2 protein chains.
Amino acid sequence: MADFAGIAKQFVDHYYSTFDTNRQNLGGLYRDGSMLTFQSSPHLGVNSIVEKLVSLPFQKVKHAITALEAQPTSTSGIVILVTGQLAVDDEQNPLGYSQFFHLVQDPAGGWFVQNDIFTLAM
Amino acid sequence: MADFAGIAKQFVDHYYSTFDTNRQNLGGLYRDGSMLTFQSSPHLGVNSIVEKLVSLPFQKVKHAITALEAQPTSTSGIVILVTGQLAVDDEQNPLGYSQFFHLVQDPAGGWFVQNDIFTLAM
């Protein structure tokens, strides 16, 4: 496997900077078979996933990563666990969260998100 | 895919009850190609993983799950994100944690842990 840690870091930076500026554009990172579980709400495929992300009830959002760990899988994918803090709108107190990504290589080049699980810390 | 959510729940319950009673016995859940990243410390294979888990500097430990989400993968595996609280020894304040598992079917039957990432919440 190539530099999975570098690819993971680059992906996560790109993901959250896109999320925090224009989350409509996250659609390019998913495919029709992609799965998102967002706070227990399951979504399958680009359209359902983007619809969910765009409908989240905040205008401003800012992610700050506290830990990022990655491993290669036995089928040439990359699994990533992120923990971080999320500040929305004018809330003073950021929320802790955990997010898992499973990246798979696109035959056409690059990587896409096959699995995505987001959970706010309690 | 069979009942991935049920398998995930059953696995996680078994994993933490074993961890909290005799973590030496967790070895049976890993294989030689299994990977554990424990607080940024990487371990490959059953022996290295069990050695790490057994060497953790506490006598008593108790996991309490606050959220468990699972998805099937495109290669018949199961990915699981757990968030929870961890109480060690006689510490009054439990620690928040996130843990990711990637379960793969064993040709001999059952499931094993291909990827495992553990991170304490900051």
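**Interface between chains A and B**

In this predicted model, 26 residues of chain A are in contact with 26 residues of chain B. The size of an interface is often expressed as the accessible area lost when the parts come together. Here the area buried between chain A and chain B is about 2,200 Å², and carbon and sulfur atoms give 63% of this area. Three residues, Glu69(A), Gln71(A) and Leu81(A), account for 27% of what chain A buries against chain B, more than any other three residues.

The side of chain A that touches chain B draws two or more residues from each of five strands of that chain. These are E1 (30-38), E3 (61-72), E4 (78-88), E5 (95-105) and E6 (111-120). Strand E3(A) provides the largest share, with six residues. By residue class, the side of chain A that touches chain B consists of ten nonpolar, 14 polar and two charged residues. Eleven residue pairs, both members at pLDDT 80 or more, are in polar contact between chain A and chain B. Salt bridges, in contrast, number zero across the interface of the two chains.

Over all chains, the structure holds six salt bridges. One of the pairs found is formed by the side chains of Asp90(A) and Lys60(A), with an N to O distance of 3.0 Å. Asp90(A) sits in the loop between E4 and E5 of chain A, whereas Lys60(A) sits in the loop between helix H2 (46-54) and E3 of chain A, so the salt bridge ties together parts that are 30 residues apart in sequence. In general, side chains of opposite charge can pair when their charged atoms come close.

An unreviewed UniProt entry lists residues 7-120 of chain A as "domain: NTF2". In the model, this span is 22% helix and 50% strand. The C-alpha atoms at the two ends of residues 7-120 of chain A lie 25 Å apart.

Confidence values were also obtained for the prediction. Chain A has a mean pLDDT of 95, and 98% of the residues of chain A reach 70 or more. For the complex, the predictor gives an ipTM of 0.95 and a pTM of 0.96.

Conventions
Residues are numbered from 1 along each chain as its sequence is written. Chains are lettered from A and ligands numbered from 1 in the order in which they are written. Side-chain values use heavy atoms; hydrogens and water are left out. Contact means heavy atoms within 4.5 Å. Buried area is the accessible area (1.4 Å probe) that two parts lose on being put together, summed over both. A salt bridge is a side-chain nitrogen of Lys or Arg within 4 Å of a carboxyl oxygen of Asp or Glu. A polar contact is a pair of N or O atoms within 3.5 Å; within protein, one must be able to donate a hydrogen and the other to accept it, and residues adjacent in sequence count only if both atoms are side-chain atoms. Helices (H or I, at least four residues) and strands (E, at least two) are DSSP runs, numbered from the N terminus. Ala, Val, Leu, Ile, Met, Phe, Trp, Tyr, Cys and Pro count as nonpolar, Asp, Glu, Lys and Arg as charged, and the others, Gly among them, as polar. pLDDT is the predictor's confidence in each residue, from 0 to 100. UniProt positions are given in the numbering used here, feature names are shortened, and annotations may be inferred rather than shown by experiment.
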